[in-house]
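Biologist: Could you put the model up, so that we can go through the helix packing together?
Modeller: Here it is.

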Amino acid sequence: GCAGGWFASRAPRSKILRIIFLGCFGFSCTLIFALLTTAAYTAMSGSGAAGLAAGLLQGSGFYAAHLVTNTLFFMILMPVVLQGLPAAGWSGQRERSSVRR
C-alpha cells in the first residue's frame, strides 16, 4: 500500500533502472521489516540490547536468505506485475467518491 504508492511516484522510466530500483526497494523494505520485527520481539520479551544483538546474530542466516530472495522477487516478478496492472483495470489513480462532503 504505502510503499507501492511511494514507489509509483518515483519509479524510473528506463527498464533497466526500474529493475535496479525495484531490487533496491525490495531490499530496503525487507531490511526495515526484519529489523522492526526483531526489535519489537526483543522489546516485548524484555531482553534489552543484548537480546536484540543475539536475535540479529542468530537470525543472520535467515535475514540474508530473506533479503536475497525478496530482492530477486522484486527485480524479476514486480516488473511483470506492474505491466499487468493496467490490463487488470488498475490505473494507479484514486477513484473519486460519489459521496459529497
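Biologist: How do the axes of helix 2 and helix 4 cross?
Modeller: In this predicted model, where local features need pLDDT of at least 70, side-chain atom pairs count only at pLDDT 80 or more, and totals for chains, interfaces and linings use all residues, the axes of helix 2 and helix 4 (residues 60-84) come within 8 Å and cross at roughly 140 degrees. Axes here are lines fitted to C-alpha atoms, for helices over the stretch in contact, with angles running from 0 to 180 degrees between N-to-C directions. The helices themselves are DSSP runs of H or I with at least four residues, strands being runs of E with at least two, and both are numbered from the N terminus. Residues are numbered from 1 along each chain as its sequence is written, and side-chain values use heavy atoms, with hydrogens and water left out.

Biologist: Which orientation class do helix 2 and helix 4 fall into?
Modeller: Helix 2 and helix 4 are oblique to each other, given that angles under 35 degrees count as roughly parallel, over 145 as roughly antiparallel, 65 to 115 as roughly perpendicular and the rest as oblique.

Biologist: Is the crossing of helix 2 and helix 4 left-handed or right-handed?
Modeller: The crossing of helix 2 and helix 4 is right-handed, meaning that the near helix is turned clockwise from the far one by less than a right angle, whereas anticlockwise would be left-handed. Contact, meaning heavy atoms within 4.5 Å, is made by residues of helix 2 including Arg18, Ile19, Gly23, Phe25, Phe27 and Thr30, and by residues of helix 4 including His66, Leu67, Asn70, Thr71, Phe74, Met75 and Pro79. The residues of this contact of helix 2 with helix 4 divide into 14 nonpolar, 7 polar and 1 charged, where Ala, Val, Leu, Ile, Met, Phe, Trp, Tyr, Cys and Pro count as nonpolar, Asp, Glu, Lys and Arg as charged, and the others, Gly among them, as polar.

Biologist: Let's look at single residues there. Is threonine 30 buried or exposed?
Modeller: Threonine 30, which is found in helix 2, is buried with a relative accessible area of 4%; buried means under 20% relative accessible area, exposed over 50% and partly exposed in between, with a 1.4 Å probe and protein chains only. Leaving aside neighbours within four places in sequence, threonine 30 is in contact with His66, Leu67 and Asn70.

Biologist: And what is threonine 71 in contact with?
Modeller: Threonine 71 is in helix 4 and is buried, at a relative accessible area of 14%. Its contacts, apart from neighbours within four places in sequence, are Gly23 and Phe27. Threonine 30 and threonine 71 are 41 residues apart in sequence and 8.3 Å apart in space, C-alpha to C-alpha.

Biologist: What about isoleucine 19, which residues does that one touch?
Modeller: Isoleucine 19, in helix 2, touches Met75 and Pro79 when residues up to four places away in sequence are not counted, and is partly exposed with a relative accessible area of 23%. The C-alpha atoms of isoleucine 19 and methionine 75 are 5.2 Å apart in space, although the two residues are 56 residues apart in sequence.

Biologist: Switching topic, how many aromatic pairs are there?
Modeller: A search of the whole structure finds 3 aromatic pairs. The ring centres of phenylalanine 21 and phenylalanine 25 are 6.4 Å apart and their planes are at 5 degrees, so this pair is stacked. Rings of Phe, Tyr and Trp (its six-membered ring) pair if their centres lie within 6.5 Å, and planes under 30 degrees apart count as stacked, over 60 as edge-to-face and the rest as tilted.

Biologist: Where do phenylalanine 21 and phenylalanine 25 lie?
Modeller: Both lie in helix 2 (residues 15-45), 4 residues apart, about one turn of the helix. Phenylalanine 21 is partly exposed, with a relative accessible area of 22%, whereas phenylalanine 25 is buried, with 12%. Phe21, Phe25 and Phe74 form one aromatic cluster.

Biologist: Last one, at what angle do helix 2 and helix 3 pack?
Modeller: Helix 2 and helix 3 (residues 48-58) pack at an angle of about 140 degrees, with their axes 9 Å apart, and helix 2 passes helix 3 in a right-handed crossing. That contact has 4 nonpolar, 5 polar and no charged residues.
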